[in-house]
Amino acid sequence: MRTRRLAVTLTALVTLIGLSACGGSSDPMADSSGGGSADSGNIIVGSANFPENQLLAELYAGALEAKGVSVTKQLNISSRETYLGALKDGSIDLIPEYTGNLARYYDPEADVSSTEAALASLKRVVPDGLTVLEPAPAEDKDSVVVTQATAEKYSLTSIGDLASHASQMILGGPPEWKQRIDGVPGLKRVYGLEFASFKPLDAAGALTVQALDNGQVDAANLFSTNPEIAAKGFVVLDDPKGLFGSQNIIPLINKDKATATVTETLNAVDATLDTKTLTDLVAKVVIDNQDADAVAAEYLSSKSLK
Amino acid sequence: MNLVWTWLSEPSHYLGSDGILARSWQHLGYMVLTLLIAATVAIPLGLWIGHTGRGRIVVVNAVNGMRSLPTLGLLFIAVLLMGPRIPGDLAFLAPSIFVLVVLAVPPILAGTYSGVDEVDPAARDAARGMGMTSWQVLFGVELPGALPLIFSGLRSAALQVVATATIAATVSIGGLGRFLIDGLAVRDYGQMAGGALLVGVLALLLDGAFSLVQRLSVSPGLSAPEASSRNNQDSTATITT
Amino acid sequence: MTWFTGHVDEVFGLARTHLVLSMVPLLFGLLIALPLGWMARRVPRLYGPLIAGSGLLYTIPSLALFILMPLVLGTQILDPINVIVAMTIYTIALMVRTVADGLAAVPDHVTQAATSMGIGRWRRFFTVELPLAVPVIAAGLRVAAVSNVSIVSVAAIIGVAQLGSLFTDGFNRAFVDPIVVGVIACLVLAVAVDAAILLVVRLLTPWQRGGAAA
C-alpha cells in the first residue's frame with residue numbers, strides 16, 4: 001500500500017514538474033539566458049525599450065542569420081544606462097545605437113555637432129572591448145515636440161521660443177531625461193529653459209504621445225522618427241543650437257564578435273537605411289501594429305539582404 | 001549597502017516635490033484611496049454573501065480569478081483604454097487606482113465573508129430568537145463578529161497595495177515607485193535600493209498601525225482568542241478559500 | 001483575437017518560460033520554507049522573528065528585487081537566475097507562516113499517539129505531521145503559485161522575456177491586443193497550475209477523499 005501511494009505521489013509530482021517544462025525538448029531558458037558562456041560563434045543581439053530600436057535589432061539579427069551567423073535575441077532591455085551594463089557583462093554582444101547620444105554618454109563634453117564629429121568623438125570614447133561599425137545615413141534624434149495648438153498659441157518654431165513660456169509648462173520625457181546631459185539639464189544649459197515641472201513618462205513611446213495629445217504635458221521628448229508625430233500633427237521644434245547633436249544609427253558590438261562577416265553584414269544593412277526609410281519601417285510596427293521581426297524580414301528580402 | 005546609505009543620507013533627497021517625504025506621502029495617499037474604494041465595494045458585498053449565503057461560489061471563483069490577474073498587464077490595458085478619455089493628471093491616476101483596487105478587493109472580500117461565516121451559529125440563533133430582524137442580526141451580531149477578519153483582510157490588502165503601487169510608476173504615477181523606475185532608468189542602485197527600503201519601512205509602519213487599531217477597535221469579547229488562533233485568522237484572510 | 005492566432009507559437013514559447021520562472025521558485029521556496037516553518041513551530045522563541053521576517057520579505061517591491069539581484073548575487077544583469085531567486089524569496093515569504101500554521105493544526109493527541117507508538121522524531125515528522133499538514137500547506141502553496149505567475153510578469157521591465165513581454169511590447173505601441181492575450185495567458189497558466197497542485201494534494205491525502213474530510 002505504502003509503496004503504491006508513494007509511487008502515485010511521485011508520479012503526480014513528476015507530472016507537475018513536467019508541466020513546468022512542458023512541450024519542449026529544448027531548454028526553455030535557452031532563448032532568454034544571457035550566458036557569458038556563449039561561444040564566440042553566437043551573437044546575442046540586444047535592444048533598448050522602444051519599438052524603433054527593437055526593429056533595428058531585428059534587422060541586424062535577421063541579416064546576420066541570413067549569413068549563417070548564429071543569433072540569439074534579447075530585446076527590450078530598459079534604457080542605455082542598463083543595456084550598456086548588459087553589453088559590458090556579456091549578457092548581450094550587439095545593440096543598435098545612436099552616435100551622438102552614445103558618445104555623450106561616455107563623455108558629456110563630446111563634440112556631436114555633425115555626423116562626422118559625432119562619429120569621431122564616439123570612436124575616441126568607446127570603451128575597451130567594444131567597438132562601433134559604420135553608421136547609417138538614417139538619424140533618429142531626440143526632439144522637443146508640442147501639439148499644433150500649443151505651437152500656434154505661443155507661435156513656436158524652435159526650442160528657444162519656449163523661453164518665455166517654459167515656466168508655465170510641464171515637460172514630459174523618459175525618466176532618465178531628468179538627469180541626462182541632453183535632457184532637462186541640457187535644455188537649461190543650452191536654451192536657458194526651466195520648465196514648471198518635469199513629468200517622467202516612458203521611453204518616448206505611447207505613454208508620451210498620449211500625455212502630450214491629452215494635455216498632461218505641454219511639451220514632450222519624442223524621437224524624430226516617431227510616426228505618431230505626423231499622425232497626430234505634432235510640431236517638432238527646431239534645435240538651432242544643436243543640443244541634440246547628430247544621431248546616426250550605428251551598431252555597437254563586442255570587439256571579439258566583430259568578425260569580417262559580421263562587420264560586412266551589419267554595414268550593408270546600415271548602408272540601406274536613411275531617415276525616411278527608417279521612419280516608414282517604424283510606422284509599420286507602431287501604427288499598423290505589425291511585428292518588428294516580420295517588418296525586418298520583409299525589408300531585408302526587399303533589399304536582397306536575406 | 002553603502003550606495004543606499006549615501007542616497008538616504010543626502011538631505012536634499014528628502015525635500016521638494018520629488019523628495020522622499022513628498023513621495024512617501026503620495027504613496028500613502030494612493031494606498032488610502034485604494035483601500036477606501038476597495039472597502040466600499042468589498043465589505044458590503046462580503047457581508048451580503050456571508051449573511052445570505054448567496055452567490056458564494058460565483059464570488060469565490062471571481063475572487064480567485066482576480067488574484068491571478070497580472071497587475072502590470074492590467075495596468076497597461078487600463079492606461080491605454082481609460083487614459084485618452086480622462087483629462088488632466090487623473091488620466092494616469094485613475095487607471096492606477098483602478099488596478100490597485102482590483103488587487104485590494106479579493107483579500108477584503110474574503111476576509112469579510114469568512115468573518116461572517118465564522119460567527120458562532122449559536123450567537124446568530126440566539127439573536128434571532130430574541131426577535132432581532134435580519135438587519136439587526138447583520139449589524140448587531142455578524143458585523144462585530146466579523147471585524148477581526150475584516151481587519152485582517154484590510155491589512156493584507158494594504159500591504160499588497162503598498163508593495164505593488166510601485167509598479168504604477170511605469171505609467172508616470174508618483175509615490176515611492178518613482179525612485180525604482182527613475183533609478184532603473186539611470187542605473188542608480190542607491191536610489192533603487194533606497195526606494196525599496198522606504199517601501200519596506202512604510203509597510204512595516206502600516207502593519208504596526210493596523211495591529212494597533214485592530215487591538216483597540218475589536219470588541220473585547222472577541223479579542224480574547226490566544227495568539228495561535230489569531231494567526232490562523234490572518235492566514236484565512238490571505239489564502240484562497 | 002486575430003493577433004493571437006498569428007502569434008500562437010510566440011505566446012506558447014513565452015508561456016513556457018513564464019511557467020519555469022514561476023514554478024521552479026515555487027518548489028525551491030517550498031523546500032526552504034519547510035524547515036523554516038518547522039523551526040518556527042518547534043522553537044517558540046523563533047516563531048515571531050521568523051514569521052515577521054519572512055512576511056517582511058514580501059513587502060520588497062518585485063521590481064526592486066529583480067533589479068538588485070545582480071548586485072547581491074554577482075550574476076549578469078539579464079540572467080533569469082535573478083528572477084528565479086527573487087521569486088523563491090517571495091515563495092518563502094508566503095510559505096513559512098503557512099507551514100508553521102499547518103504543522104500547528106496537527107492535533108496534539110495525534111503526535112502524542114505517534115510518540116507513544118515509539119515513532120522517532122524524524123519519522124514522526126515525515127510520516128505523521130507533514131502529511132496531516134498538507135491541506136493547509138497546499139492552500140498556501142496555491143496562493144503562492146498564483147501570485148508567482150502574476151509577479152513574474154514584472155520582470156519584463158528589466159528585459160527578461162516571458163508573458164510580461166507582451167505587456168511591455170503592446171504598451172510601447174499603444175496596442176492592446178498583445179496585452180490582453182498576455183493577461184489571459186497568465187490567467188490560464190494560473191488555473192492550470194492551481195489544478196495541478198490540487199491534483200497532487202488529492203494524491204497526497206487519500207484519507208480526505210470520500211467526504212471524510214478532516
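**Entry 1: two helices across chains B and C**

I started with a pair of helices, and I noted that helix 9 of chain B and helix 4 of chain C are oblique to each other. I should say right away that this is a predicted model.

Why do I call helix 9 of chain B and helix 4 of chain C oblique? I looked up the angle, and their axes cross at roughly 130 degrees. Angles over 145 count as roughly antiparallel and 65 to 115 as roughly perpendicular, so this pair falls with the rest, the oblique ones. The two axes come within 10 Å. I also checked the handedness: helix 9 of chain B passes helix 4 of chain C in a left-handed crossing.

Next I wrote down who makes the contact. From helix 9 of chain B I have B:Tyr189, B:Met192, B:Ala193, B:Gly195 and B:Ala196. Helix 4 of chain C brings C:Ala64, C:Ile67, C:Leu68 and C:Leu71. I sorted these contact residues by class and got eight nonpolar, one polar and no charged.

**Entry 2: the whole B and C contact**

Then I zoomed out. I found 37 residues of chain B in contact with 36 residues of chain C. On the chain B side, the elements giving two or more residues are helix 3, helix 4, helix 7, helix 8, helix 9 and helix 10. Which of them gives the largest share? My old friend helix 9 of chain B does, with nine residues. By class, I noted 22 nonpolar, 14 polar and one charged residues on the side of chain B that touches chain C.

**Entry 3: A and B**

I turned to the other contact of chain B. Here chain A puts in 19 residues and chain B 16 residues. On the chain A side, helix 3 (80-88), strand 7 (197-200) and helix 8 (206-214) each supply at least two residues. The largest share, four residues, is from helix 8 of chain A. I counted classes again: the side of chain A that touches chain B has six nonpolar, nine polar and four charged residues.

**Entry 4: chain C by itself**

What is chain C built from? I found nine helices and zero strands. Helix 4, the one from my first entry, covers residues 62-73 of chain C. I looked up the extent too, and the C-alpha trace spans about 65 × 45 × 20 Å along its principal axes. Of the 214 residues in chain C, 53% are buried. Last, I took the contacts in chain C with a separation of 6 or more, and 70% of them join residues 24 or more positions apart.

Technical notes. Residues are numbered from 1 along each chain as its sequence is written. Chains are lettered from A and ligands numbered from 1 in the order in which they are written. This is a predicted model: local features need pLDDT of at least 70, side-chain atom pairs count only at pLDDT 80 or more; totals for chains, interfaces and linings use all residues. Two residues are in contact if their C-beta atoms, placed from the backbone, lie within 7 Å. Ala, Val, Leu, Ile, Met, Phe, Trp, Tyr, Cys and Pro count as nonpolar, Asp, Glu, Lys and Arg as charged, and the others, Gly among them, as polar. A residue is buried if 20 or more other C-beta atoms lie within 10 Å of its own, exposed if 12 or fewer, and partly exposed in between; C-beta atoms are placed from the backbone. Axes are lines fitted to C-alpha atoms, for helices over the stretch in contact, and angles run from 0 to 180 degrees between N-to-C directions. Angles under 35 degrees count as roughly parallel, over 145 as roughly antiparallel, 65 to 115 as roughly perpendicular and the rest as oblique. A crossing is left-handed if the near helix is turned anticlockwise from the far one by less than a right angle, and right-handed if clockwise.
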